[in-house]
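Please open the model in a viewer and keep the sequence panel beside it. The stops below say what to select next and what is found there.

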Amino acid sequence: DQNTGRQLGHVVDITPDGIMVMSERPIRVGRTIAMKMMLPGKEGERPIEFEATSLWTGQDINPDFYDTGFKVEKATRRLLNEIETLIDDYGFRD
């Protein structure tokens, strides 16, 4: 969360339209968040920034965590390219 500087959670699924984040606390539905996702790179992590709105939330299969689905808002070509690369590199298409 770019506004608070706190880590929201971990990306567990991603598509060009949205992401699913697993977190320790539930995230309120309908909240639009300025996000920064740290991506791995050859020279260390690099950030990519975007806004996303939470559409749903629920308890994870592990009751200590919550899953939240986000819709990416106003995706830039760069963001879409980065997401496609993540999908190809880490097998999110499976």
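Before colouring anything, recall that pLDDT is the predictor's confidence in each residue, on a scale from 0 to 100. The model is a predicted one, and its confidence is the first thing to display.

**Stop one: confidence**

Colour the chain by pLDDT: the protein averages 85, and 91% of the residues score at least 70. Among the elements of the protein, select strand β5, residues 66-73, which has the highest mean pLDDT, at 94, and then α1, which has the lowest, at 80. Where pLDDT is low, the predicted coordinates should not be read in detail.

**Stop two: the largest pocket**

Turn next to the largest pocket, whose volume is about 530 Å³. To centre the view, select G9, V11, K36, M37 and M38, which are the closest to the pocket's centre of the 21 residues that line it. Then show the elements that give two or more residues to this lining, namely β1 (10-14), β2 (18-23), β3 (32-39) and α1 (77-90). Which element gives the most to the lining of the largest pocket? That element is β3, with 5 residues. If you colour the lining of the largest pocket by residue class, you will find 13 nonpolar residues, 5 polar ones and 3 charged ones.

**Stop three: the second largest pocket**

The second largest pocket holds about 340 Å³ of space. Select Q7, L8, S23, E24 and R25, which of its 16 lining residues are the closest to the centre. Coloured by class in the same manner, the lining of the second largest pocket divides into 5 nonpolar, 5 polar and 6 charged residues.

Stay with S23, which has its place in strand β2. With a relative accessible area of 3%, S23 is buried, because buried means under 20%. Display its side chain together with the backbone of R25, and you will see that the side chain of S23 reaches the backbone oxygen of R25 at 2.6 Å.

**Stop four: the salt bridges**

Side chains of opposite charge can pair when their charged atoms come close. How many salt bridges does the structure hold? There are 3 salt bridges in the structure, and they can be visited one after another.

Begin with D1 and R31, a salt bridge in which the closest N and O atoms are 2.7 Å apart. D1 lies in the segment before β1, whereas R31 lies in the loop between β2 and β3, so this pair ties together parts that are 30 residues apart in sequence. A surface display adds the setting of each partner: D1 counts as buried, at 11% relative accessibility, while R31 counts as partly exposed, at 27%.

Move on to α1 and select E82 and R78, whose side chains meet in a salt bridge with an N to O distance of 3.9 Å. Both residues lie in this helix, 4 residues apart, which is about one turn of the helix. E82 is buried, with a relative accessible area of 12%, whereas R78 counts as partly exposed, at 47%.

The remaining pair to select is E73 and K71, a salt bridge whose closest N and O atoms are 3.8 Å apart. Here E73 counts as partly exposed, at 24% relative accessibility, and K71 is likewise partly exposed, with a relative accessible area of 39%.

**Stop five: the contacts of T53**

Keep E73 on screen and add T53, since the side chains of T53 and E73 are joined by a polar contact of 2.8 Å. T53 has its place in strand β4, residues 46-59. Now show T32 as well, and a polar contact of 2.7 Å appears between the side chains of T53 and T32. Is T53 buried or exposed? At 12% relative accessibility, T53 counts as buried.

**Stop six: a backbone angle at K74**

Finally, select K74, which lies in the loop between β5 and α1. Its phi is near 50°, a positive value in a residue other than glycine. K74 counts as exposed, at 76% relative accessibility.

Conventions:
Residues numbered from 1 in each chain as written. Heavy atoms only, no water. 1 Å grid on protein atoms, 1.4 Å probe; cavity = no way out; pocket = protein on both sides within 12 Å on 5 of 7 lines; lining within 4 Å. Points joined across faces, edges and corners; volume = space filled by probe spheres on them. Nonpolar A, V, L, I, M, F, W, Y, C, P; charged D, E, K, R; others polar. Salt bridge = Lys/Arg side-chain N within 4 Å of Asp/Glu carboxyl O. Buried < 20%, exposed > 50% of the residue type's maximum accessible area, 1.4 Å probe, protein only. Polar contact = N/O pair within 3.5 Å; in protein donor to acceptor, adjacent residues only side chain to side chain.
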